[in-house]
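Colleague: Could you take me through one part of this model slowly, at a level that suits a first-year student?

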Amino acid sequence: SERDRKSERRQNIQDDLVQRVQSAGENRVQERRRNEEFAKQRKAQEHRERQEAARLARDKALDYRQTHFENIVRTKKVAILEDADRKVTTSKVTARELETEANMVEQHERQLRNRIAEQKYALESMISSTPMAT
């Protein structure tokens with residue numbers, strides 16, 4: 001009958017609408033999941049790039065420190081060798097320096113002996129001026 005066909009047609013339209021709404025919802029869910037996955041991959045890629053940049057910066061700093069250290073060592077070696085060379089070539093000056101240093105040591109030794117003698121004298125005078133216990 002006509003009424004049954006209209007009812008069936010209405011039901012088909014409703015079913016179609018329900019199906020479209022469900023499909024649209026599923027499509028939105030799938031789209032959101034795709035976007036989330038893309039964002040996760042992008043974040044992971046950015047993280048890898050930051051790690052690589054940090055590693056390169058660390059390597060560059062280590063290379064700089066190594067070069068700097070090698071330059072310092074080289075400079076010190078040169079200075080030591082030049083100093084040794086100067087001392088060898090100026091043995092007269094070195095002998096004079098040693099003599100001067102020996103004189104300074106002797107003078108310091110005399111000063112220490114004098115100071116010890118002064119302290120000994122002060123201690124003896126303190127002991128002699130202290131009344132004895134009876």
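What follows is a close look at some salt bridges.

Colleague: Which side chains meet glutamate 31, glutamate 37 and glutamate 52 in salt bridges?

Modeller: This is a predicted model, in which local features need pLDDT of at least 70 and side-chain atom pairs count only at pLDDT 80 or more, while totals for chains, interfaces and linings use all residues. Residues are numbered from 1 along each chain as its sequence is written, and side-chain values use heavy atoms, with hydrogens and water left out. A salt bridge here is a side-chain nitrogen of Lys or Arg within 4 Å of a carboxyl oxygen of Asp or Glu, and by this rule the count comes to 9. Glutamate 31 meets arginine 34 at 2.6 Å, N to O, and the two are separated by about one helical turn because they stand 3 residues apart in helix H1, residues 2–89 (helices are DSSP runs of H or I, at least four residues, numbered from the N terminus). Glutamate 31 is partly exposed, with a relative accessible area of 35%, and so is arginine 34, at 49%; buried means under 20%, exposed over 50%, and partly exposed in between, with a 1.4 Å probe and protein chains only. Glutamate 37 and lysine 40, also 3 residues apart in helix H1, form a salt bridge at 3.9 Å, N to O, and here glutamate 37 is partly exposed at 38%, whereas lysine 40 is exposed at 55%. Glutamate 52 pairs with arginine 55 at 2.5 Å, N to O, and a network of salt bridges links Glu52, Arg55 and Asp59.
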